[in-house]
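Open the model in your viewer and keep the selection tool at hand. This tour goes stop by stop, with something to select at each one.

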Amino acid sequence: MTPLEFLKDALPVDVNNRLHYSNTRIDQFWTTLTFAQSLDGKIAGINGQQIILSGKESMLMTHWMRSMHDAILVGINTVINDNPQLNTRHLPRRDEGYPQPLPVILDTTLRIPLDCKLIENAVSGIGRFPLVFCAQGSESLSLRKAELESLGVTVIPVASKEHGRIPLLATINVLQQHGIRSLMIEGGQTVISSCLSSPDVSLIDRIIITVAPVFIGEKGLAVTNDSSGKAKKLQIAVTGALGSDIVASYEVPSGSHNEE
């Protein structure tokens, strides 16, 4: 099985390898949550230190998946710790190139570094300027907001919920207003935790998880920070092996709820 063959089974894609769907959790908007983890359920090292978990084949799958979505979302800790590019640079070269997803960052207090790769690539003309969501109503952010906007970054304040988190539904509503119809969510821990909890889990159409054949240990960063001890049931759709990694696609059952 190739990375593209797996995705054609796992996601509703057309002959041009773009998402084509009719039945979604939100009217005409598709959301995929995806992440790579170790065998012991860790997504990073101690203090969130980046560890490359995906092998070559599953990394290629991730880049194919990016090309299928209109936008790609990560939290600010991922930007600070990993300095990602969130593009499709690992796909096979072709004259017409590939669709590049719009980078979307959840950044409550606008900590995004001005010299991060996302901004530097866009300024250099080899990437798209990110769209950054921050908390609404903070006058202290006005100067930073203006600084980012002067570089070409779009900053959108929204009302935050508990612990300053930005609601996924509010994010999706704004993205729809910008013509975005599909979103790929890559993490990190805070974002994944929110997506797997109510009410946000009801907004997710598909979850694709890569499991790498490594152990990180108890000091590694877990997939979620949920300490409730309640089970969250998913429905498996497709599984496969890509190189030395195991990949699986899951659906969130309608009316999904936590069980003791």
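## Stop 1: the aromatic pairs

This is a predicted model. It holds two aromatic pairs. Select W64 and Y98 for one of them. Their rings meet edge-to-face, with 90° between the planes. The ring centres lie 5.5 Å apart.

Now colour by element. W64 sits in helix 2. Y98 sits in the loop between helix 3 and strand 4 (102-106). The two are 34 residues apart, and the pair links distant parts of the chain.

Are these two residues buried or exposed? W64 is buried, because its relative accessible area of 11% is under the 20% cut-off. Y98 is buried as well, with 17%.

## Stop 2: the nonpolar cores

Select L7 next. Leave aside its neighbours within four places in sequence. L7 is then in contact with M61, W64, M65, M68 and I208. So W64 from the first stop turns up again here.

L7 also belongs to the largest nonpolar core, which has 37 residues. L7, L11, I105 and I112 have the most contacts inside this core. Which elements give two or more residues to it? Select these in turn:

- helix 1 (3-10), helix 2 (56-68), helix 3 (76-82) and helix 4 (117-123)
- strand 3 (71-75), strand 5 (131-135) and strand 11 (235-242)

Then look for a second, separate core. This one has 33 residues, including V104, L168, V174 and V252.

## Stop 3: S194

Move to helix 7 (residues 189-195) and select S194. S194 is buried, with a relative accessible area of 16%. What does S194 touch, not counting residues up to four places away in sequence? The answer is K161, D200 and V201. Show the side chains of S194 and D200: a polar contact of 2.5 Å joins them.

## Stop 4: the whole protein

Zoom out and show the cartoon. There are seven helices and 13 strands. The C-alpha atoms fill a box of roughly 50 × 50 × 40 Å along the principal axes. The radius of gyration is 18 Å, which agrees with the value near 18 Å for a compact globule of 260 residues.

Colour by burial. Buried residues make up 47% of the 260. Now show contacts with a separation of 6 or more. Residues 24 or more positions apart account for 75% of these.

Finish with the surface. The accessible surface comes to about 12700 Å². Carbon and sulfur atoms hold 49% of it.

Methods:
Residues numbered from 1 in each chain as written. Predicted model: local features only at pLDDT ≥ 70, side-chain atom pairs only at ≥ 80, totals over all residues. Heavy atoms only, no water. Core = buried A, V, L, I, M, F, W, Y, C linked by side-chain atoms within 4.5 Å. Buried < 20%, exposed > 50% of the residue type's maximum accessible area, 1.4 Å probe, protein only. Helix = DSSP H or I, 4+ residues; strand = E, 2+ residues; numbered from the N terminus. Contact = heavy atoms within 4.5 Å. Phe/Tyr/Trp six-rings, centres within 6.5 Å; stacked < 30°, edge-to-face > 60°. Rg over C-alpha atoms; globule rule 2.2 N^0.38 Å. Areas by Shrake-Rupley, 256 points an atom, 1.4 Å probe, with all protein chains shown as cover. Polar contact = N/O pair within 3.5 Å; in protein donor to acceptor, adjacent residues only side chain to side chain.
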